[in-house]
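Visitor: I'd like to see how the labels on this model are earned. Can you put it up and take me through a few?

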Amino acid sequence: FCQTLLHTVFPPELRFASLKFFQRHLKWFSSYCYYDITEIDGVNTNELYNAVQLYLSSSASITGTHVSLTRGLNSSAFTFGVSNNDRLVDTYNGTIVEWEHVVTQRQSQTFSWRPLPEEKRGFTLRVKKKNRQVVLDSYLDFVMEKANEIRRKNQDRLLYTNSRGGSSDSRGHPWESVPFKHPSTFDTLAMDPVKKSEIMADLLDFANGESFYRRTGRAWKRGYLLYGPPGTGKSSMIAAMANYLGYDIYDLELTEVNTNSELRKLLMKTSSKSIIVIEDIDCSINFSNRKKSANSGARKYNHDSASPAPPGTNGEDGGSTITLSGLLNFTDGLWSCCGSERIFVFTTNHIEKLDPALLRSGRMDMHINMSYCSFPAFKILLKNYMGYEETDLVLEELEEVIDEAEMTPADISEVLIKNRRDKSKAVQELLEAMKMRAEKTRAKKLLESNRNEIQDKEQEQEKMTLDIPKEGFDQLEESCNKDDEKIR
Ligand SMILES: Nc1ncnc2c1ncn2[C@@H]1O[C@H](COP(=O)(O)OP(=O)(O)OP(=O)(O)O)[C@@H](O)[C@H]1O
Ligand SMILES: [Mg+2]
């Protein structure tokens, strides 16, 4: 009877409000304090939320009884997590803390500029009030650091792509990611060993150079330009770099980016310890032909952001302006420093087509020429594919022709894969292929030099025919002068 009376006398809103009031006042008297770490903080994703999730996902720190298990597509490891609205206890330097994962349904009428996830997620950290300082001073830093470590060591690295165009997902991320599983390493990469160790040392210096970059006042980033013919290992080199340093890769598809501001947004959403890659930069942006680009099928890009393209000439999607200066700002300007420890890698098959602005010194820190397979590089391939260590007569023959053959590591590895059961057959076949290629290269070079000679001769003759009337004129002038003298 009392309950019915209570329900009829007090409407539900009033009951709810009074309950909240009591709870709030109870917390004042409680010996605990609570920290809410929500997944989305205003418009941005809360890095701390992701870090806590990752930290709690490491099996070592799990002491709860109810744990959620996930395994991402193509991922090689299970991830533990705190189930929705469940709790976990963690100990840090003797301090006991309790984590609760709070998941509530988002009210649908909430106004937002972009779609928000249906669920509102967050962690609540409960600690004794007397331990509050420990948590604020070092525990949360420890969690962040541990999460980064776990991600780098145990988890698969991620390959991000902006193939979704300018749109973001419900959590505000413009990048989509998949586990990155490229097996290429510096051991498997066939290139000149001296050049290889130079690059490896450069990468290590960069990764360990935080204090150097701070001391010299430079942004902690580095740019590499990889250039060379197709199949010489540019993409393999990027994968090797990522595997060597344990960095994520952001594969930036420039043709999917419409404006400079979109480009900036993409950059802002990249994490540190990552490699940002723009492959085939000469194809993604019509740099060489910018002024004539109206007649090409490619989208139009301007050199100078200060002079926006007139309306109607911006390519088929209208209003789309991505400029070279926008791209350079992306890699070099103030915005490039909105994170740290990032590597930019551009690749191209045609370095000669690139705008000098991209090549000028200081822009890309290292230009790496990935060229045709040299003999030392070939030996690495032989060792990796065939387990070949020793040199013998055939290899000496190979050494003589390999430079002239101009074969890419991709060409060579194809032959090696095909004959991987029979070493001597593989080497024999390669030798024949190389000799043939060398012959062709020689013939091509001869033809080219002949053509150049003929062209030179033609130019000389043309010049002579242009000179004849001048000579004739000189003679005429001379005889006129003589006549004048006679008359006098
Ligand atoms: N230097 C190399 N060392 C080992 N393998 C190589 C090397 N270069 C090429 N390969 C082999 O050839 C294949 C193609 O190489 P990769 O994609 O790295 O070439 P690329 O230079 O990026 O070519 P493209 O300019 O067409 O993008 C790779 O799968 C790899 O197995
Ligand atoms: Mg490539």
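Visitor: Why is D280 called partly exposed?

Guide: D280 has 15 C-beta neighbours inside 10 Å. The label buried takes 20 or more other C-beta atoms within 10 Å of a residue's own, exposed takes 12 or fewer, and partly exposed is in between, with C-beta atoms placed from the backbone. So D280 counts as partly exposed. This is a predicted model, where local features need pLDDT of at least 70, side-chain atom pairs count only at pLDDT 80 or more, and totals for chains, interfaces and linings use all residues. Residues are numbered from 1 along each chain as its sequence is written, while chains are lettered from A and ligands numbered from 1 in the order in which they are written.

Visitor: And what makes N93 exposed?

Guide: N93 counts as exposed because it has just 9 C-beta neighbours inside 10 Å.

Visitor: What is unusual about phi at N93?

Guide: Its phi is positive, about 50 degrees, though N93 is not a glycine. Most residues other than glycine have a negative phi. D280, not a glycine either, has a positive phi of about 45 degrees.

Visitor: How do you know that ligand 1 lies between two domains?

Guide: Domain 3 (160-369) and domain 4 (374-488) both give residues to its shell, so ligand 1 lies between them; the bounds come from an automatic or database domain assignment. Of the 16 residues around ligand 1, P230, G233, S235, P409 and A410 come nearest, where being near takes a C-beta atom, placed from the backbone, within 6 Å.
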